[in-house]
Amino acid sequence: MTAALTWARLSYRQQRWELVIVTLACLGLAAFAAWLTIDMRSVLATCGTPEAANACDVVFAFQETHGEAVGWVQALTGFVPVAVGLVLGIPIVAREIESRTALITWPMAMSRTRWLAWRALPPLIVGLALVALLGLAVDQMWRAYFPHTDIGFVQYEGRGLPFVMRTALIFAVAVVTGAFIGRVLPALLVGVGLSAVVIVALTIALPHWVPSVEIAGLEEDPGAYIGAQLHTEIAYRVPDGGLVSAEVGEAMTEEAFAAAAPGEPDPDSMPRMVIFGVAADRYWEVVLHESAALGLASIGLLGMAALVVERRRSA
């Protein structure tokens, strides 16, 4: 316990300003998101009373009144995983090497791997706790903003557990980058580029963590129109039950209308559009698959950082 407190104090002294900035930014955003949530739910509290607001019956209930503020929260939280991960992760090894304090701290620690573990753990715990609090506040904000439907994958990467796990992955990327490069500013610049690659890769991979299936009932589901579902493919089902590609289905539709002109073709003879993807009710299935993969990737990257620290010179 004493050793843990000692290393925690050391981490704080080494990254005092980074921790202060991250704390203020996350708590400020979380407080603003919580205020928006409370304000929107106070409007919904009037539902079922003579003073019921229009928001009680509309999917886009708060688009006019709160849309701009919610948009600002969305935009700012989009930078949080990268900012927190890089700001807290890059200096852990890079600053020790750049300032030449590694010449003292590494021999004193006896084990460089143990030094890295104790040095990285406090900022990682603090950063993930702050991001988790912010992710919870933003999750509740979106649920209040779309009160009449399952929000599913709306702003998936900017709330809840995915928000936390992506921050952990960026943090691990940052530690490895700092260990390889050994200087804070160049490592930060490279880290920004690597983080962009990670974010793009995760966006592309998102609909593929679970098998894609046909999504039924799109016409009756308001969530289909707010991004609550992940769509991977559009196809057409022909009258005999078979599936054809979107290009073939659209061509068949055009031919049917041309043949029936000036009237309209029989609906039963027309190909019907079907959409494949991941429905909103499979949200947690995707979250668990992605979180497991990101957790393993983060552990692997931190292991790589430990290997780099063990093998590189201290200055």
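Here are some friendly notes on this predicted model, point by point.

1. **The main core.** Let's start inside. The largest nonpolar core has 51 residues, and those touching the most other members are M40, V80, V93, L116, L134, M141 and W142. Two or more residues come from each of α2 (16-44), α3 (63-77), α4 (80-89), α5 (91-98), α6 (102-109), α7, α8 and α11 (283-311). Helix α7 is the biggest contributor, giving 13 residues. As background, nonpolar side chains tend to be buried together in soluble globular proteins.

2. **V80 and a separate core.** V80 is a good residue to click on in that core. Setting aside residues up to four places away in sequence, V80 touches C26, L29, G85, V131, L134 and F163. Apart from the largest core lies another, of 13 residues, including L169, I170, V184 and L202.

3. **R159, a buried arginine.** Please do look at this one. R159 sits in the loop between α7 (112-145) and α8 (160-181), and it counts as buried because its relative accessibility is 0%. Beyond residues up to four places away in sequence, R159 touches G135, V138, D139, W142, R143, I151, G152, F153, V154 and Y283. A polar atom of the R159 side chain is 2.4 Å from the backbone oxygen of G152.

4. **The charged partners of R159.** Which residue does the side chain of R159 meet in a salt bridge? The partner is D139, at 2.6 Å from N to O. Because R159 is in the loop between α7 and α8 while D139 is in helix α7, the pair ties together parts 20 residues apart in sequence. D139 is buried as well, with 9% relative accessibility. Salt bridges with shared partners join D139, R143 and R159 into one network.

5. **Two salt bridges from α5.** The whole structure contains eight salt bridges. One of them joins the side chains of E96 and R119, at 3.9 Å from N to O. Since E96 lies in helix α5 and R119 in helix α7, this pair ties together parts 23 residues apart in sequence. Both E96 and R119 are buried. E98 forms a salt bridge with R183, with the closest N and O atoms 3.8 Å apart. That pair links helix α5 to the loop between α8 and α9, across 85 residues of sequence. Here the partners are partly exposed: E98 at 39% relative accessibility and R183 at 48%.

6. **E18 on α2.** Is E18 buried or exposed? E18 counts as buried, because its relative accessibility is 13%. This residue of helix α2 touches V87, L88, P91 and R95, leaving out residues up to four places away in sequence.

7. **A nonpolar surface patch.** On the surface, F180, I181, V190, L194 and M304 make a nonpolar patch of about 400 Å². Helices α8 and α9 (184-205) each supply at least two of the patch residues. I181, a residue of helix α8, is partly exposed, with a relative accessible area of 31%.

8. **P271, before β4.** Finally, P271 is in the loop between α10 (246-260) and β4 (272-278), and counts as buried at 10% relative accessibility. Outside its neighbours within four places in sequence, P271 is in contact with Y236, R237, V238, G249, M252 and T253. From C-alpha to C-alpha, P271 and A256 are 9.4 Å apart in space, with their positions 15 residues apart in sequence numbering.

Technical notes:
Residues numbered from 1 in each chain as written. Predicted model: local features only at pLDDT ≥ 70, side-chain atom pairs only at ≥ 80, totals over all residues. Heavy atoms only, no water. Helix = DSSP H or I, 4+ residues; strand = E, 2+ residues; numbered from the N terminus. Buried < 20%, exposed > 50% of the residue type's maximum accessible area, 1.4 Å probe, protein only. Polar contact = N/O pair within 3.5 Å; in protein donor to acceptor, adjacent residues only side chain to side chain. Contact = heavy atoms within 4.5 Å. Core = buried A, V, L, I, M, F, W, Y, C linked by side-chain atoms within 4.5 Å. Patch = residues over 30% accessible without salt bridge, like charges linked within 9 Å, V, L, I, M, F, W, Y side chains within 5 Å. Areas by Shrake-Rupley, 256 points an atom, 1.4 Å probe, with all protein chains shown as cover. Salt bridge = Lys/Arg side-chain N within 4 Å of Asp/Glu carboxyl O.
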